[in-house]
Amino acid sequence: MSQPPAPSTYLPVRDDWLARRTETILEPDLPIVDPHHHLWERPGWRYMLDDLLADTNSGHNIVATVFVQCRAMHRASGPEAFRPVGETEFVNGVAAMSASGNYGPAKICAGIVGHVDLRNGERSRDVLEAHIRAGGGRFRGIRHITAYDPDPTLMNPAYNPPVGLMYDPAFRQGFACLAPLNLSFDAWLYHPQIGDVVDLARVFPGTMICLNHIGGPLGIGSYAGLRQAVFEEWSKLIRALAECPNVVVKLGGMAMRLNGWDFHTKADPPSSEELAAAWKPYVETCIEAFGASRCMFESNFPVDKGSYGYQVFWNACKILAKDASAAEKADLFSGSAARFYRLDL
């Protein structure tokens with residue numbers, strides 16, 4: 001797999017550096033649903049089925065995965081609102097390849113999360129229905145990224161959401177189209193915006209919402225050096241969000257540049273013990289607030305691959321869950337994801 005060009009919003013993937021760390025697989029038989037990964041072919045950075053399989057087949061018992069939108073293979077022509085349907089068409093093809101059994105027993109892309117610009121209001125329903133038709137029974141919902149901060153250094157140039165997008169009347173008209181079609185919403189934003197999700201969840205209690213990447217606690221730019229203050233603000237918001245029964249949370253996505261960790265600067269990749277120690281306060285807070293039945297570990301690959309390998313990541317998750325009961329482990333590693341994304345395992 002090639003690496004993204006520098007400078008990049010994402011940390012570059014260095015296969016030679018990652019190869020410096022290998023670990024014995026902990027609890028190798030524990031079934032895992034990876035509920036958050038991407039596939040793409042971008043200039044200088046390829047992560048397609050063969051790359052994903054190299055990771056999922058590296059020792060852990062990955063039984064299924066869920067693809068989450070990343071602007072991959074949008075249609076080159078046609079109405080702008082419908083161009084993201086091309087991503088669902090592409091991913092459903094990958095899922096069909098996996099379903100042949102020729103690529104191993106794991107159900108790759110068993111669930112598909114696409115994109116619809118909800119600012120199209122009630123017209124969003126037509127695009128959602130097009131995704132459903134293209135998804136071959138695998139389409140489960142959408143993600144409309146709303147990550148915004150006044151600090152321009154924190155903004156991903158690929159997305160430029162306005163401030164307060166989740167309060168926009170047109171956005172909410174589009175959001176209202178999800179529940180009648182039995183579709184969910186994946187929320188990706190930064191931690192100061194978690195309150196926006198609380199309001200959205202309360203206004204739409206019949207729509208299932210998944211908070212991505214533990215809610216994006218920031219650690220660079222204007223938030224650099226403020227990790228404890230950010231944690232205190234983030235934890236209060238997480239507990240408020242957990243009061244909404246229609247919300248679940250993904251435990252992962254904590255190694256992006258914006259999180260402010262320095263794993264990628266070391267001579268060797270971090271061990272699973274190092275990752276678990278760094279993430280323990282965040283993971284414990286989420287599990288205490290939501291309960292294991294509303295939490296799911298996620299890899300966020302290949303984005304997080306700039307900081308560690310797939311083997312090490314899942315070992316870290318297993319260390320974090322070592323004191324959980326068998327039922328809680330089942331939820332954290334597969335059950336919560338399977339229920340939320342309605343996977344037939």
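This passage describes the fold, core and backbone features of a predicted model.

The protein chain contains 10 helices and 10 strands. For 345 residues, a compact globule would have a radius of gyration near 20 Å, and the 19 Å found for the protein chain agrees with this. The C-alpha trace spans about 50 × 50 × 45 Å along its principal axes. Of the 345 residues, 57% are buried. The accessible surface of the protein chain comes to about 13,600 Å², of which carbon and sulfur atoms supply 53%. Contacts between residues at least 6 apart in sequence were also examined, and 81% of them join residues at least 24 apart.

Strands β5, β6, β7 and β8 are linked through a series of parallel pairings. Strand β5 (residues 107-114) runs parallel to β6, and three bridges join the two. Within this pairing, V113 has G141 of β6 as its bridge partner. Together with helix α4 (residues 124-134), β5 and β6 form a right-handed β-α-β unit. Strand β6 (residues 139-143) is in turn joined to β7 by three bridges, again in the parallel sense. In this pairing R143 stands opposite D186 of β7, and I142 stands opposite F185. The connection from β6 to β7 passes through helix α5 (residues 169-175), and the resulting β-α-β crossover is right-handed. Three bridges likewise pair β7 with strand β8 (residues 209-211), and these strands are parallel. Here F185 is placed opposite I209 of β8. Helix α6 (residues 194-203) completes a right-handed β-α-β unit with β7 and β8.

Burial was then considered for individual elements. Five of the five residues of β6 are buried, so this strand is largely enclosed by the rest of the structure. Strand β7 (residues 184-187) is covered on both faces: S184 and D186 are buried on one side, and F185 and A187 are buried on the other. Helix α9 (residues 310-320) is also largely enclosed by the rest of the structure, because eight of its 11 residues are buried. The buried residues of α9 are Y310, V312, F313, W314, N315, A316, C317 and K318.

In soluble globular proteins, nonpolar side chains tend to be buried together. The largest nonpolar core in the model has 101 residues, and the members that touch the most others are F175, F185, L251, W279, F297, W314 and F333. Helix α8 (residues 272-290) provides the largest share of this core, with seven residues. Another core lies apart from it and has 14 residues, including V66, V113, A337 and A338. In the largest core, F185 belongs to β7 and W314 to α9. Beyond its neighbours within four places in sequence, F175 is in contact with L118, F185, L200, F204, T207 and I209. Two of these contacts, F185 and I209, stand opposite each other in the pairing of β7 with β8.

Several loop residues were examined separately. L165 lies in the loop between β6 and α5. Its relative accessibility is 4%, and L165 therefore counts as buried. With neighbours within four places in sequence left aside, the contacts of L165 are R119, H144, I145, T146 and F171. L165 and L241 are separated by 76 residues in sequence, and their C-alpha atoms are 18 Å apart.

Most residues other than glycine have a negative phi, and most peptide bonds are trans. Exceptions in the model include M73, H213 and the bond between F301 and P302. M73 has a positive phi, near 55 degrees, and is found in the loop between β4 (61-68) and α3 (85-99). The relative accessible area of M73 is 37%, which means that this residue is partly exposed. H213 also has a positive phi, about 55 degrees. This residue is found in the loop between β8 and α7 (227-242). Unlike M73, which is partly exposed, H213 is buried, with a relative accessible area of 3%. The peptide bond joining F301 and P302 is cis, with omega about 5 degrees. P302 is found in the loop between β10 (295-297) and α9.

Note on methods
Residues numbered from 1 in each chain as written. Predicted model: local features only at pLDDT ≥ 70, side-chain atom pairs only at ≥ 80, totals over all residues. Heavy atoms only, no water. Buried < 20%, exposed > 50% of the residue type's maximum accessible area, 1.4 Å probe, protein only. Helix = DSSP H or I, 4+ residues; strand = E, 2+ residues; numbered from the N terminus. Pairing = 2+ DSSP bridges. Right-handed = clockwise from strand over helix to strand, strands pointing away. Core = buried A, V, L, I, M, F, W, Y, C linked by side-chain atoms within 4.5 Å. Contact = heavy atoms within 4.5 Å. Rg over C-alpha atoms; globule rule 2.2 N^0.38 Å. Areas by Shrake-Rupley, 256 points an atom, 1.4 Å probe, with all protein chains shown as cover.
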